[in-house]
Amino acid sequence: MDDSTPSPQIVPPDRKSFLRLATGILAGGSGLLAQIACGDDGSTGLRLGQDPGPVSTGDGESGPCSVNEDEIFQGAVRDGIPALSDPSTSAAEDPDLDFLEPDDRVIGLAGGAGALAVPLNILWWHEIVNTRLDGRRIAVTHCPLTGSSLVFDTEAADADFGVSGLLYQNNLIMYDRVDGESLWPQMLRRAACGPLRGTPFTMIPSVEMSWARWRTLYPASQVVTSETGFSRSYRTYPYGGYDVKDSDQLLFPLSDRIDPRRPPKERVLGIADRAPTVAFPFGWLEDLGGVAAVNDQHRVVLWDEEGQAAMAYQRTLDGQTLGFEVEAGRVVDRETGSTWRVDGLAVAGPLEGRRLAPIAEAYVAYWFAWAAFHPDTFVMGEE
C-alpha cells in the first residue's frame with residue numbers, strides 16, 4: 001500500500017476510499033451485497049464505511065454512549081441483516097443438512113436437556129440467532145467481520161436482539177428489540193448506548209469447532225437448519241477472501257493500527273474473565289500438537305486440532321485443583337489419570353462423566369479484533 005492510499009486502520013477514514021476497499025474485498029461475495037443492499041422489505045441497505053452521524057437511541061434523539069460515537073460506522077440499515085428467532089432445528093444425522101461440510105464451523109452448546117449447534121454458515125447471513133437452551137432465552141451471535149462467536153443470556157438482560165447495522169471496531173452492534181433504543185456491541189459485552197448503557201451481559205459458555213468434530217462428540221445434537229424462511233446461499237461464505245489469516249484488509253476503521261503481534265485474522269481463544277486478558281492463538285496451539293492442555297494458575301485451556309477447537313475451564317473440581325498434561329495423545333489429569341476432551345468432559349478414568357466448569361468469558365475471535373478491544377492483552381507464546 002503506497003502513501004497515497006488511506007490506511008484501513010486509521011480514524012478518520014476517507015469514506016469513498018473505504019467504499020472502494022470494501023467493494024474490492026467483497027468482490028467474491030456479491031451475493032451478500034445484493035441481498036443486503038435491498039433488504040427483504042425492499043429498503044436500501046449496505047452503506048459501507050458511511051458515517052451514520054449522531055447515534056440514534058431509537059426515539060429520534062441522540063443518546064449518550066460509553067464509546068466514542070465517531071468510531072461507530074453504518075454497515076447496513078437496521079434489520080437489513082435479519083436476525084433469526086426460534087429457527088427450525090433437526091438432528092445432527094439428518095441427511096438434509098447438505099449445506100454443511102465437515103470442516104464448516106459451528107457454535108456448540110451443551111445444555112442439561114441436550115446439545116445445540118448453530119452453524120457459522122447461517123450466522124454469516126444472520127449474525128444473531130435468538131433461541132432457547134434448557135428453557136432459557138439466549139442469543140447465539142457471530143460477527144463475520146471480527147470472527148467473534150459469543151452467546152448471551154437474553155433472559156437475564158430482558159432483551160431480544162436484532163442487527164442494528166452499526167459497527168464499532170468492525171464489530172457487530174446489536175439493538176434491543178424490547179426497548180427499541182439500547183445498543184450492544186457484541187465484543188464489548190455490555191450496552192454502550194441508550195437507557196441500558198453500562199448493563200453487562202451474562203455470557204453462556206460455548207465452543208466453536210468443526211461440524212464434523214461436534215457431530216462426533218454430540219451425535220444426538222440438534223442443529224439449526226437452512227430452513228430459515230430467507231433465500232440465502234448458506235453454502236457460500238459471502239465475504240470473498242476477507243477471512244485470509246494474513247490479510248490486513250478491513251471494511252471499517254479501527255481506533256488504532258492493527259496489533260502486529262499475530263496475523264490479523266488468526267483465530268484466538270481470548271479469555272476476559274479478569275485483567276489482564278489472555279489470548280491463545282490457534283497457530284501457537286497447533287504447534288503444541290494434536291491435543292494440548294495449557295495450565296494456568298486457576299484455569300486450563302484444552303485444544304483439539306482435529307476440530308480446530310479451544311476452550312478454557314476452571315482447574316478445580318470438587319475442591320481439588322487438577323493439573324493437566326498430554327500422555328500418549330490424550331489429555332489426562334495428573335491427580336486421577338482421567339482422560340479429558342476439548343468440551344471439558346472426562347471420558348475415561350475415575351472422573352469419567354464429570355465436567356470441568358467452563359469459563360463463560362472465553363470466546364473465539366480474530367486477533368485484530370481481540371487486540372482492538374483488549375489492547376493490553378497477554379499473548380501466549382509471545383516473548
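Tutor: Before we start: a strand here is a DSSP run of E at least two residues long, numbered from the N terminus. And keep in mind that this is a predicted model.

Student: Fine. Where does that put Thr 146?

Tutor: In the loop between β7 (136-143) and β8 (148-153).

Student: Why is Thr 146 called buried?

Tutor: Buried means under 20% relative accessible area. Thr 146 has 0% relative accessibility, so it counts as buried.

Student: What makes the pair Thr 146 and Ser 148 a polar contact?

Tutor: The cut-off is a pair of N or O atoms within 3.5 Å. The side chains of Thr 146 and Ser 148 are joined at 2.7 Å, so the pair passes.

Student: Which residues further off in sequence does Thr 146 touch?

Tutor: Leaving out residues up to four places away, the list includes Gln 169, Asn 170 and Asn 171, then Gln 186 and Met 187, and also Tyr 366 and Phe 368. To count, heavy atoms must lie within 4.5 Å. As for the whole protein, residues 24 or more positions apart account for 61% of the contacts with a separation of 6 or more.

Student: Now the sheets. What makes β1 and β11 edge strands?

Tutor: Start with the order, β1-β9-β10-β11, an open sheet with antiparallel pairing. β1 (72-74) and β11 (183-185) each have a single partner strand, so one side of each is left without a neighbour in the sheet. Neighbouring strands of this sheet are turned by 45 degrees against each other on average, ignoring direction.

Student: How do you know that β10 and β11 pair?

Tutor: Pairing takes at least two bridges found by DSSP. Strand β10 (residues 171-176) and β11 have three, in the antiparallel sense, so they qualify. In that pairing, Tyr 175 stands opposite Leu 183 in β11.

Student: Which strands stand at the edges of the sheet β21-β22-β23-β24?

Tutor: That one is also open and antiparallel, with four strands. β21 (324-327) and β24 (346-348) are at its edges, each with a single partner, so one side of each has no neighbour in the sheet. β21 runs antiparallel to β22 (residues 330-333), joined to it by four bridges, and Glu 325 stands opposite Val 332 in β22.

Student: Why is β18 described as largely enclosed?

Tutor: Five of its six residues are buried, so the rest of the structure largely encloses β18. It runs antiparallel to β17 (residues 299-304), with six bridges between them, and Val 300 stands opposite Tyr 313 in β18. Four residues lie between the strands of this hairpin, and there Gln 308 takes a positive phi near 45 degrees.

Student: Which residue between β19 and β20 has a positive phi without being a glycine?

Tutor: Asp 318, at about 55 degrees. It sits in the loop between β19 (316-317) and β20 (320-321).

Student: Is Asp 318 buried or exposed?

Tutor: Exposed means over 50%. Asp 318 has 61% relative accessibility, so it counts as exposed.

Student: What makes the Ala 275 to Pro 276 peptide bond stand out?

Tutor: That bond is cis, with omega near -5 degrees. Pro 276 belongs to the loop between β14 (267-271) and β15 (278-281).

Student: On to the empty space. How many cavities does the search find?

Tutor: Two of 30 Å³ or more, over the whole structure. The second largest holds about 80 Å³. Of the 16 residues lining it, those closest to its centre are Ser 149, Ser 206, Ala 362, Tyr 363 and Val 364. β8, β12 (207-210), β18 (309-314) and β25 (362-366) each give two or more residues to that lining.

Student: What makes a space a pocket rather than a cavity?

Tutor: From a cavity, a 1.4 Å probe cannot get out, whereas a pocket is an open set. The largest pocket has about 370 Å³ of space. Among its 19 lining residues, Arg 105, Asp 243, Lys 265, Arg 267 and Tyr 366 are the closest to its centre.

Student: Which helix gives the most to that lining?

Tutor: α6, with three residues. α3 (120-126) and α6 (282-288) each supply at least two.

Key
Residues numbered from 1 in each chain as written. Predicted model: local features only at pLDDT ≥ 70, side-chain atom pairs only at ≥ 80, totals over all residues. Heavy atoms only, no water. Buried < 20%, exposed > 50% of the residue type's maximum accessible area, 1.4 Å probe, protein only. Polar contact = N/O pair within 3.5 Å; in protein donor to acceptor, adjacent residues only side chain to side chain. Axes fitted to C-alpha atoms, helices over the stretch in contact; angles between N-to-C directions. 1 Å grid on protein atoms, 1.4 Å probe; cavity = no way out; pocket = protein on both sides within 12 Å on 5 of 7 lines; lining within 4 Å. Points joined across faces, edges and corners; volume = space filled by probe spheres on them.
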